[in-house]
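Colleague: Could you please take a close look at one part of this model and describe it in full for a first-year student?

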Amino acid sequence: MSRTWKRLFLLGALASAAVWGFAREKSTSDEPVPVVGVRGLEKNDEKIDTSERDYAAIDRLGRIEITTTELQRFIKEGGLK
Amino acid sequence: MRIAFSLLLVSSLVIPGNAWDWNQVDLDKAASGGAKLLKAASGMKDADEIRLGREVAANLAARYDLIEDQARLKYINLVGQALVHQSNRSKLPFHFGILKAPEYNAFAAPGGYVFITEGLLSQLRDEAELAGVLAHEISHITERHVVKAIRDANLLGAGKDLAAAAGHDAEDYASLTDFSVHLLEKGFSRKDELQADRLGTELAAKTGYDPRGLRDSVARLAEHQEKDPILARFKRTHPPTQDRLDAINKVLPKKLSESLPRLPERYKLVFANTVPAK
């Protein structure tokens, strides 16, 4: 990539980020803080172990198969759309 | 903070050319940083969202254990897929699981992973109520509420995290998963929860269910609210009941037929003997 193209790309990225920054500020200023210091966090003494994983259980869940025929029959029998 | 950052960026664009010597700038590094920031602004690709969701789902499965009863899993996946079929992310591979937990709650991880607790299932009366709860969770995913929360947390931090997710950087990816797990446990913003109530009710109606299902389940849980300690967690992760009922009532049609599908028989056939895990 030539230096001119790199300069144009960098300017474009900076301009987009600036516009996005203004838009986000406007759209979220009236909302409660949604995340870091989330609601309830300070009242909750429970420690959550975020490092635990059971991939095998998720793989088994992924093997639950619903065929199109089964789904259509389920929808029809229930009077759904 | 964001305005200040934006002003800094804008000012950098209008500085006279001689005030910023381009020859001193490592353009490769700068272009790479700009690309990451753009990636943060535009969100996450479905493949990356699914990968993050799998991490979060595997964490929930490890901490709560999943119910393996095939008949129950098949049933909630049929109800879930009927709803997804009518949603605006019908191409996303959704999975519906049951957590072995006595509390009354449901969770939506990014990328199409939805979980409901055995405790909540024991409190529902028919398929329309189950559909309402699942539709609420599906709406968190169709609206990408986790991704939005990550982005809202901090512009540069989120930029780094989202870019790391797309780039599969293991260390940064773990921090992104930590953030998402905590978000699910503590609850989305009030605005996102009420939006999921509205959209979930509409999605259930579009699928043909009696759209009062979610409202009825929320109202019943509220009846127990003051005397049941098991509802403490539910209260912590959701807005006050009256706010939720108001949001749902706003999208319910004024006149509703009493013959819309509630399907209590179909629900009870599968969950009649559901006792919350201790």
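Modeller: Two strands pair if DSSP finds at least two bridges between them. Strands (E, at least two residues) are DSSP runs, numbered from the N terminus. The model is predicted: local features need pLDDT of at least 70, side-chain atom pairs count only at pLDDT 80 or more, and totals for chains, interfaces and linings use all residues. Residues are numbered from 1 along each chain as its sequence is written, chains are lettered from A and ligands numbered from 1 in the order in which they are written, and side-chain values use heavy atoms, with hydrogens and water left out.

The part I have chosen is strand E3 of chain B, which comprises residues 113–117. E3(B) belongs to an open sheet of 3 strands, arranged in the order E1-E3-E2 in chain B, with mixed pairing. E1 and E2 of chain B are the edge strands, each pairing on one side only. Between neighbouring strands of this sheet the average turn is 20°, direction ignored.

Let us take the two neighbours of E3(B) in turn. The parallel partner is strand E1 of chain B, residues 95–99, which is joined to E3(B) by 5 bridges. Within this pairing, B:His95 has B:Tyr113 of E3(B) as its bridge partner. Another bridge of E3(B) links B:Ile98 with B:Ile116.

The antiparallel partner is strand E2 of chain B, residues 106–109, and here 4 bridges connect it with E3(B). For B:Ala108, the bridge partner in E3(B) is B:Val114. E2(B) and E3(B) together make a hairpin, and 3 residues lie between the two strands. In the turn of that hairpin, B:Gly111 has a positive phi of about 75°.

How many of the residues of strand E3 of chain B are buried? The count is 5 of the 5 (buried means under 20% relative accessible area, with a 1.4 Å probe and protein chains only), so strand E3 of chain B is largely enclosed by the rest of the structure.

The directions of these residues complete the picture. B:Tyr113, B:Phe115 and B:Thr117 point one way from E3(B). B:Val114 and B:Ile116 point the other way, and the residues of both groups are all buried. B:Tyr113, the bridge partner of B:His95, is thus one of the residues on one side, whereas B:Val114, the bridge partner of B:Ala108, and B:Ile116, the bridge partner of B:Ile98, point to the other.

Conventions
Buried means under 20% relative accessible area, exposed over 50%, partly exposed in between (1.4 Å probe, protein chains only). Axes are lines fitted to C-alpha atoms, for helices over the stretch in contact, and angles run from 0 to 180 degrees between N-to-C directions.
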